[in-house]
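This report describes charged side-chain pairs and cysteine geometry in a single protein model. The sequence and the coordinates are shown below, followed by the analysis.

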Amino acid sequence: MGHHHGHSHDHHHGHSHTGNKKALLSSFILIAVFMIVEVVGGLFTNSLALLSDAGHMLSDAASLGLSFFALKLGEREVSQDKTFGYKRFEIIAAGLNGITLVVVSIYIFYEAFQRLFAPPEVQSQGMLVISVIGFIVNIIAAWMLMKGDKDDNLNIRSAFLHVLGDLLGSVGAIVAALFIMYFGWGIADPIASIIVGILIIISGWRVVKESFHVLMEGAPEQIDIKQVKEALCGLPMVKEVHDLHVWTITSGYPVLSCHITILDNAVHDEILSQSQRILHDQFDIEHSTIQVEKVTNGCPSPHGTCN
């Protein structure tokens, strides 16, 4: 019976982690400051489009702050009772952000439908000025987050989607302000809010679904379990691969465990190192636990036979 546990993290992970923290902190400060401006502006101009955008910005500021806190918490050392440290909190933060987006959009729908039947007087000029400033602020925040690791990190992606929703919210507010200014269409304000709400709820639901998948130990989308098994079965002297599990600790941190049954005349260490190389080179799995066992004393599984 043999057991191997291999893990390594490259320098790129460290650099992207630092970049993510900087991006989150900078955009958090920027969004939080402008959110206050937008709340005051929304109340002053009586614009729901501005207030809904400010509500979204409040959830943005909370989401960016939570995402930054999650990254900081993830840096804490592993301990006896938390053997993976606090890295999983990033996924919990992303899930909370997604739920917040859904709640915010439901509130926007409620307010907008009230206003559809009784559009209030809106000060379109003030609304236009504030929404244009909001548009610029959101472009800067989105650009900061794009410099982070948004393609591989669910936490950064959820924060980026928040800001992108805000950006669209600002566009909606600008268009609504122009319609009110030139055509006197007060109804444009709640309509813009509803469109923004739809965009927010779609992105929120997507993040919640992805977070739930990770928390349920689902296999990462980029890794095909069948291909992993076929690659390991392709090694000479391998008879079975069973109890194969692939899951994610946090974004960009896939983990694998499995049993490999080898023929009695096979060399244990050779199979082990070949398996590790395949997992690393073909599937980017750096953290794996493989139990190698001989046919005579292994624990064969009816589901694990290599055909």
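## Salt bridges and cysteines

The count comes to 3 salt bridges in this predicted model. Side chains of opposite charge can pair when their charged atoms come close. The pairs are listed here with the distance between N and O atoms.

| Acidic residue | Basic residue | N to O distance |
|---|---|---|
| D81 | K82 | 3.8 Å |
| E217 | R88 | 3.7 Å |
| D189 | R115 | 3.3 Å |

**The pair D81 and K82.** The salt bridge between D81 and K82 has its closest N and O atoms 3.8 Å apart. D81 is exposed, with a relative accessible area of 64%, whereas K82 is partly exposed at 32%.

**The pair R88 and E217.** A salt bridge also joins the side chains of R88 and E217, at 3.7 Å from N to O. R88 lies in the loop between helix 2 (48–74) and helix 3 (89–116), and E217 in the loop between helix 6 (188–215) and helix 7 (225–233), so this pair ties together parts that are 129 residues apart in sequence. E217 is partly exposed, its relative accessible area being 41%.

**The pair D189 and R115.** In the remaining entry of the table, the side chains of D189 and R115 meet at 3.3 Å, N to O. This pair links distant parts of the chain, with D189 in helix 6 and R115 in helix 3, 74 residues apart. Both residues, D189 and R115, are buried. For D189 the relative accessible area is 1%. The side chains of D189 and R115 also make a polar contact, at 3.3 Å.

The surroundings of D189 can be described further. When neighbours within four places in sequence are left aside, D189 is in contact with S47, L48, A49, R115, V122, M127, A176 and I180. R115, the salt-bridge partner of D189, is thus one of the residues in that contact list.

**Cysteines.** How many disulfides does the structure hold? The number is 0. For C258, the closest cysteine sulfur is that of C233, and the two sulfur atoms are 9.6 Å apart, which is too far for a bond. A disulfide would require the sulfur atoms to lie within 2.5 Å. C258 is buried, with a relative accessible area of 3%.

Note on methods: Residues are numbered from 1 along each chain as its sequence is written. This is a predicted model: local features need pLDDT of at least 70, side-chain atom pairs count only at pLDDT 80 or more; totals for chains, interfaces and linings use all residues. Side-chain values use heavy atoms; hydrogens and water are left out. Buried means under 20% relative accessible area, exposed over 50%, partly exposed in between (1.4 Å probe, protein chains only). A salt bridge is a side-chain nitrogen of Lys or Arg within 4 Å of a carboxyl oxygen of Asp or Glu. Helices (H or I, at least four residues) and strands (E, at least two) are DSSP runs, numbered from the N terminus. A polar contact is a pair of N or O atoms within 3.5 Å; within protein, one must be able to donate a hydrogen and the other to accept it, and residues adjacent in sequence count only if both atoms are side-chain atoms. Contact means heavy atoms within 4.5 Å.
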